[in-house]
Amino acid sequence: MLARLLVAPFGSAWKLKERCVTTRRPFVKKVLVNLYGLYQYENNSSIAWNAQFAGEPFFPHGPKSIFISGGAKIGKNCVIFQQVTIGSNTLADSKGAGAPVIGDNCYIGAGAKIVGNVRVGDNVRVGANALVYKDVPANSVVVSSPSEIIQRETPQDNRFYSFQGRWVYWEDARWNPVTDDGVLARLNKQF
Ligand SMILES: CC(=O)SCCNC(=O)CCNC(=O)[C@H](O)C(C)(C)COP(=O)(O)OP(=O)(O)OC[C@H]1O[C@@H](n2cnc3c(N)ncnc32)[C@H](O)[C@@H]1OP(=O)(O)O
């Protein structure tokens, strides 16, 4: 809240980020970078002030829980969902050491992780929760493991929970103790 108020005179956090880059005077730069950092902290994000963007991206759910390394380069007109990481690999002897370079018009789904010295071409779709550590050619879609159904036609009893030594279930917007002896016997047998 405080950071949002302090950022308001700059027009937006994005404009503040640009000022962090263009400001030459060291003391002013330090103040701006710290204010920008506070704003990121309040959003549970860390989009580095010196990460290079060819244009302002669109954050459909706001810049929340998004981590982008200072070494990353990102093209114009990109869409970046929440919980995305675009991160550096800083292990000196690693094959993937370096930071991602992402093209124009990319769409990066929620929770995707793009790490290390990878090139993602223009017009790429990165699926939700994808882990990208190898180059992705332009005009492609990249996803990680598909979801797998491991049981079918087996009703799942998701009602009962063990809490502080008692069995409880959630109903009418509150936790209720299990009192049915039959249910209790079954639950105690299982655990
Ligand atoms: C609160 C909120 O709403 S936040 C919004 C969150 N939404 C997102 O993050 C959207 C991210 N988008 C996705 O993940 C999309 O599914 C995309 C971008 C991967 C879809 O790309 P499309 O080119 O349209 O692919 P399409 O839907 O046709 O699916 C192609 C294949 O990928 C699979 N697939 C789709 N998404 C994923 C994924 N995230 N992970 C793994 N596999 C996936 C599909 O099952 C399909 O498999 P099949 O060919 O074996 O049937």
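Visitor: How do you know what confidence the predictor places in the protein chain?
Guide: The chain averages a pLDDT of 94, and 100% of the residues score at least 70, where pLDDT is the predictor's confidence in each residue, from 0 to 100. This is a predicted model, in which local features need pLDDT of at least 70 and side-chain atom pairs count only at pLDDT 80 or more, while totals for chains, interfaces and linings use all residues. Residues are numbered from 1 along each chain as its sequence is written, and side-chain values use heavy atoms, with hydrogens and water left out.

Visitor: Why are strand 14 and strand 15 called paired?
Guide: Two strands pair if DSSP finds at least two bridges between them; four bridges join strand 14 (residues 160–163) to strand 15 (residues 166–171), so the two count as paired, and they run antiparallel. Strands here are DSSP runs (E, at least two residues), numbered from the N terminus.

Visitor: What makes up the turn of the hairpin that strand 14 and strand 15 form?
Guide: Two residues lie between the strands, and Gln-164 in the turn has a positive phi of about 50°.

Visitor: Why does the approach of Ala-110 to the ligand count as a polar contact?
Guide: A polar contact is a pair of N or O atoms within 3.5 Å; within protein, one must be able to donate a hydrogen and the other to accept it, and residues adjacent in sequence count only if both atoms are side-chain atoms. A polar backbone atom of Ala-110 is 2.6 Å from an oxygen atom of the ligand, so the pair meets the distance limit.
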